[in-house]
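Thanks for coming. I have one model to show today, and I will keep to a few points.

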Amino acid sequence: MSLVASGSLECKFENAANPCGFPAPGSGIFFFDDLVSWEIYGTTVGINKVTILIAFAVVIVLGFFLYAFRKPQIVPKGAQNVGETGYLFIRDGIARDVIGKEGDKFVPFLFSFFFLVWIFNFLGILPFAQFPITSVFAIPVAFALIVYFTWVPLGIYRQGFGGFFKGMLFPPGVPKPMYVLLAPIEFISNIIVRPFTHAVRLFANMFAGHLLIATFSIAAYYLLTFTVIGIIGSAASFTMAVALTAFEILIQALQAYIFTLLTAVYISGALHAEH
Amino acid sequence: MSNFLTGQLMAAGGENEPMPSVLAVPIDELVVGLLAFFIVFGVLAKVALPKIKATLKERSDAIEGGLMQAEDAQAEAQRVLEEYRAALASAREEAAAIRTQAQADRAAIVEEARTEARAAAAAVTAQAEAQLAAERAQATSQLTRQVGEVAVALAGKVVGQSLTDDARVKSTVDSFLADLETQVAQRGAGA
């Protein structure tokens, strides 16, 4: 530490355990205190930053698309153009591409997921918000549960209970004895692990991205002393934070796309027996 | 350290309660997440997206309609062209028929004219022949009558002169014949 903060050492962060040590951000940056809270049936329910950002994101998504599609014209312009690009991206790029002819029915479902997840992710780099809501595990879990409880009943409804599970657990074109091995694997991977990975993939990406940006942002502040090594270290950290922020823009869109694409793949698998 | 804007930077110290796991799923956050999705999904699916769907359908219909119209117009043009061609062909046929008819008529007219001309010519010839015959008959009868008179006159002159002189007789006959010729010539001119 003396190398980094040589000269006049000032303690920027107070920590009982390690005075002046680098305050590496931990899981604590994902928890916020309630602004207001109520006791309901013995449980504390409160409004914190996450709740407010969720409400904000919902308002942004709804506000934009209600505005863009308020009076759609045959020849689009302005916001309608942007909204239409989004709509066609979901309809042609995901729904029709993955699900096929029946895809059009699921466009609103996929559309809502894509834009909600994207905006939730995007709040991670929006100044003052700067917190990706999808890095709160409960949110991707909620979304993954909605998807799970959509495609499983859909598959049972469309293929029948037996047909659905037979198609899933006993994929054709495999030597008979292999089913002893394959069926349990397929069951675990599709029915148990799938919703979990669906949620974790989104959560972990946003969680890690936020942690990285936070680490380098804190480092840029922590290292900033008016010494050569302090300035170089701080500038390097700041550059890293900016670069990671740019990278996050890509990851945010990509993860929203992947989440939506997987949703479409699961629905497609429920509609048509796998072959 | 308590902060509602930036989260808690350091793990909580010994005096605070332990930090919950990031993988914990509190039921209230789960409910908020579900609510957020269902609100967005409900409003978009019921209000915003049907509108844009209808508009996109309208647009593709308009484009397809335009194409159909163009096809109709082309078909119409083709039909008119066919009609025109048919009319042209029938007109040409008609013209050919008229021309053929005209040729036939002309031949008939020429033949008729020729026949008429021939008949007229024959009539003229016949008349001339008849006239000629009549004139000849007249001339013959007149000549016969005059030859008698001349013969009487000649006999008178022969009787009045001496028949011994051959030369005299000869000159008398000659002058008679010359006289006769003159008379015939005069008749011919007269006729």
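**Two loop residues, two helices and an interface**

I will start with Phe128 of chain A, which is exposed, because 7 other C-beta atoms lie within 10 Å and the cut-off for exposed is 12 or fewer. Before going on: this is a predicted model.

Where is Phe128(A)? It lies in the loop between H3 and H4 of chain A. Its phi is near 80°, a positive value in a residue other than glycine. As background, most residues other than glycine have a negative phi.

Gln130(A) is in the loop between H3 and H4 of chain A. Here phi is near 50°, again positive, and again the residue is not glycine. Is Gln130(A) buried, exposed or partly exposed? Gln130(A) has 18 other C-beta atoms within 10 Å, and buried needs 20 or more while exposed needs 12 or fewer, so Gln130(A) counts as partly exposed.

Next, the helix that comes before this loop, H3(A). How many of its residues are buried? The count is 16 of 16, so to speak a mostly covered helix. Its length can be checked as well: 16 residues at 1.5 Å a residue should span 22 Å, and the end C-alpha atoms of H3(A) are 22 Å apart, which agrees.

H1(A) can be put through the length check too. With 20 residues, H1(A) reaches 28 Å from its first C-alpha to its last, close to the 28 Å expected. Buried residues in H1(A) include Leu53(A), Ile54(A), Ala57(A), Val61(A), Leu62(A) and Phe65(A). Lys49(A) and Thr51(A) are also among the buried residues of this helix. A general point on helices: with 3.6 residues a turn, residues three or four places apart point the same way.

Now to the contact between the chains. On the chain A side 44 residues take part, and they are in contact with 39 residues of chain B. Which helices of chain A supply at least two residues each to that side? They are H1, H2, H3 and H4, running 49-68, 79-99, 107-122 and 138-159. H1(A) gives the most, with 8 residues. Sorted by class, the side of chain A that touches chain B has 33 nonpolar residues, 8 polar and 3 charged.

Last, chain B itself. Chain B has 2 helices and 0 strands. Of its 191 residues, 7% count as buried.

That is what I have; questions are welcome.

Methods. Residues numbered from 1 in each chain as written. Chains lettered and ligands numbered in written order. Predicted model: local features only at pLDDT ≥ 70, side-chain atom pairs only at ≥ 80, totals over all residues. Contact = placed C-beta atoms within 7 Å. Helix = DSSP H or I, 4+ residues; strand = E, 2+ residues; numbered from the N terminus. Nonpolar A, V, L, I, M, F, W, Y, C, P; charged D, E, K, R; others polar. Expected span 1.5 Å × (residues − 1).
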